[in-house]
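Me: Could you take me through a few features of this model, with the criteria behind each term?

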Amino acid sequence: MSTAIDTMVRFEVFRYQPDWDEPTYQIYDVPYREDWVVLDALNYIKDTIDGSLTYRWSCRMGVCGSCGAMVNGYPKLTCAAFLSEYLPGPIRVEPLVNFNVERDLVTSIDGFMEKLESVQPWIIREDGATDDLKSEYLQTPAQHSAYQQFSMCINCLLCYAACPVSSHSEEFIGPAALALAQRYNLDTRDEGVEQRRDVILKDEGIWECSFVGECSAVCPKHVDPAGAIQQAKMTGAIDYYRRLLMPWTVKS
Amino acid sequence: MRDVDQLQHDVLVIGGGGAGLRAAIAVAQEHPDLSIGIVSKVYPMRSHTVAAEGGMAAVIKDNDSAEDHIYDTISGSDWLADQDAVEMFVEEAPRELIQLEHWGCPWSREATGHVAVRPFGGMKLQRTWFATDKTGFHVLHSLFQTCLQFPSITRYDEWFATKLLVDDGRCQGCTAIELRTGQLRPIYAKAVIIATGGFGRIFPFTTNGAIKTGDGLAIAYRAGVALKDMEFVQYHPTGLPGTGILITEASRGEGGVLRNNKGERYLADYDLGEPLPLDDPRHPQLRTMELGPRDRLSQAFIKEQEKGNTYSGTYGDYVHLDIQHLGEHRIDTKLPFVRELARNYGGIDPVTESIPVRPVVHYMMGGIDTDIEAATSLPGLYAAGECACVSINGANRLGSNSLTELVVFGARAGRNAANFAHASDPAAVDRLESQVDEERARIRRILEQPSGGDRVAELRREMTSTMEEGAGIYRTQEGIEQTYAILSDLRERFGSVDLDDRTNVYNTDLISALELDYMLDISLALAASARDRTESRGSHQRTDHPERDDDQFLKHSLAVRGDDGTPDVSFRDVVITKWPPGSRTYGSTDQAKAAKTES
């Protein structure tokens, strides 16, 4: 690519403060750099043009999960959205949809934090209280592989912004939290499937999920939450019929 | 004015990364009757522990021994580590890593189902546990998700701690800004643990995320606690030029090699042993060549640069890290993140090309002065993790010891703070109110400062630039003094810093200004300590004092903030138990053994 060094790219950035009647889009012109990502442009704006522009970021290497936003209408980590993919511009940056906006690009993630906690994303063991920590629990590479993909979720919440069910149902536990529930359910060290069952299967959302797969398509870490939800549905359905037809096989 | 709903806990943890979460869980598990608060300026899963890649050291395999891990750590530290602390650290490490395993950390496994270990720099045996090359990410999320089960833990997510509250010689909480409202509020506690991580952001080129601004160190320093060994800054030898994104040492642990612009494995010229051919089954050799310690490898880069043996690029000079011979399968199973990062941010695929790399500020050996119990000199105040300096890392930390340090000392801080809280009276709220008012006034002054002064970003740019100039890999008296003078000037100019944002809700411009204020304090402490240590040891290299000087400097530096805000530096003896100072020998395990026997 041979874009001249003095090329400018136009940004249209969503601005909002709680005491404003309505949001606006502010225009900023940012010099184009071939290796810059949208986050670099936001930092350029904040450092040299307008220190009041508000957004979250930290690691700038796609692992802390802070910097998600809508870039030209599509959920992206701004640290992984290269300007070169959006030429000639303009590039519109907005907060992730399906979340309430606190200010500018910052959204409230309180709802997600509650949903995450509700699926009990921790190892549940019957012997928990007598854990002597003398040796590790054994787990073969194959057993490890069974859940590894679902353990890669960085909680960036792009999947919630992409999810058609989340867009009309605030109650839906949602892709990331369900993938993490499945991550623990599939871990051979965990004995908490029963405890997680109710919250997952009672969740209306999972039956509403139509396997559109948008969540998996936008996931920057290839977690495949849609796959996790399908697995959970399948297990739920099998479990339902087993309880109905063969109650003696079900643990009390 | 008194708060209607006062925020009060038995133990307050500042920082929600690996050390802070481990500390909070220790309190919750062992003292379910105590109430715990965690204050974090970001949601805990955003903490920078998330970015650690390579792994976590602990003796677990039959061929390994505590003695070996201790010796590697002490020699790696250039004998500046306290040996009683290292012994305890190595002793407690395996239990803590098994604990993480029981909490769900998805460690990579051997075919037998046991955890796998990999080689790491400066380590004589393979003892680094790993979860592919996203170990920190998995450790952080395992700890965070585990902590969600304890009802006694209250989180203050996106609250920025600004000051410690101290009365009657005892730490009794902190003030913090709730970002969502902009309100500054006191949070009282019987004991406080600081676990805010490192401060790589005082330098321009760093692997550290934006949040690594050393706020925790600064608030302890302002409360009268010493900062220890601040002059020891670890440059990781392999960062991506431009962004400073880390390419893990595990890439060399798996067999990756460094080459200069002549294609030579140049480390052979720097007393790090002989290179073996890549197809030799003994490659990579432990404690040799690419598996030497980070300080020596980063120093070798500068020497190569001086010889004209480095490549030059848009973002400065670099050398090549070559992992192509590992093959696509091994890269994808053991180093998938390296491939992802090199492709996205380096624009190359390491399966078919070498990765351009250069030294990058990565880790701070120095920090809040604590003892082996994670206690500071201020009763009721504890510190753990990168923000603390016990010291087990001395003048150079070994790769894969820092994540272990988070959990070993995080747990100790939690237990000791809990015991302290049990034996203590509640905070003297009435007597602390004036401190809270003063803090509100201080922050209001910054917020309402008339226009005309420098912007935050400009002062920050000048600060980071002078730190690199005078306090980089090689240092001189003159250079450090100049840096100190520039920092003092910036300190003055900060008094009229000009914010663009004067509002309350989520004011990140204000937070950046407060972070800058803290970074200036700790940068001054770092520069003063580097100025006063007139020897070369580990990561602190003085070209005007090139030798290690055990007679004068087998000592920790301690920087205390004087009444005028400037640092006073003094020194304290290192604790030696069984390993008298010797020469740091790398090159082969046999040589290392020989050095050990001599000592």
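Reply: The exchange below covers the conventions, a helix pair, a further helix and the chain contact.

Reply: This is a predicted model, in which local features need pLDDT of at least 70 and side-chain atom pairs count only at pLDDT 80 or more, while totals for chains, interfaces and linings use all residues. Residues are numbered from 1 along each chain as its sequence is written, and chains are lettered from A and ligands numbered from 1 in the order in which they are written.

Me: Are H1(B) and H10(B) parallel, antiparallel, perpendicular or oblique to each other?

Reply: The axes of helix H1 (residues 18-30) and helix H10 (residues 402-422) of chain B come within 7 Å and cross at roughly 40°. Angles under 35 degrees count as roughly parallel, over 145 as roughly antiparallel, 65 to 115 as roughly perpendicular and the rest as oblique. The two helices, H1(B) and H10(B), are therefore oblique.

Me: Which residues of H2(B) are buried?

Reply: A residue is buried if 20 or more other C-beta atoms, placed from the backbone, lie within 10 Å of its own. Nine of the 11 residues of helix H2 (residues 66-76) of chain B meet this, so the helix is largely enclosed by the rest of the structure. The buried residues are B:Asp68, B:His69, B:Ile70, B:Tyr71, B:Asp72, B:Thr73, B:Ile74, B:Ser75 and B:Gly76.

Me: Which element gives the most to the side of chain B that touches chain A?

Reply: Counting residues as in contact if their C-beta atoms, placed from the backbone, lie within 7 Å, the contact takes 46 residues from chain B and 41 residues from chain A. Among the elements that give two or more residues to the side of chain B are helix H4 (135-147) and helix H14 (508-532). The most, five residues, comes from H3(B).

Conventions:
Axes are lines fitted to C-alpha atoms, for helices over the stretch in contact, and angles run from 0 to 180 degrees between N-to-C directions. Helices (H or I, at least four residues) and strands (E, at least two) are DSSP runs, numbered from the N terminus. A residue is buried if 20 or more other C-beta atoms lie within 10 Å of its own, exposed if 12 or fewer, and partly exposed in between; C-beta atoms are placed from the backbone. Two residues are in contact if their C-beta atoms, placed from the backbone, lie within 7 Å.
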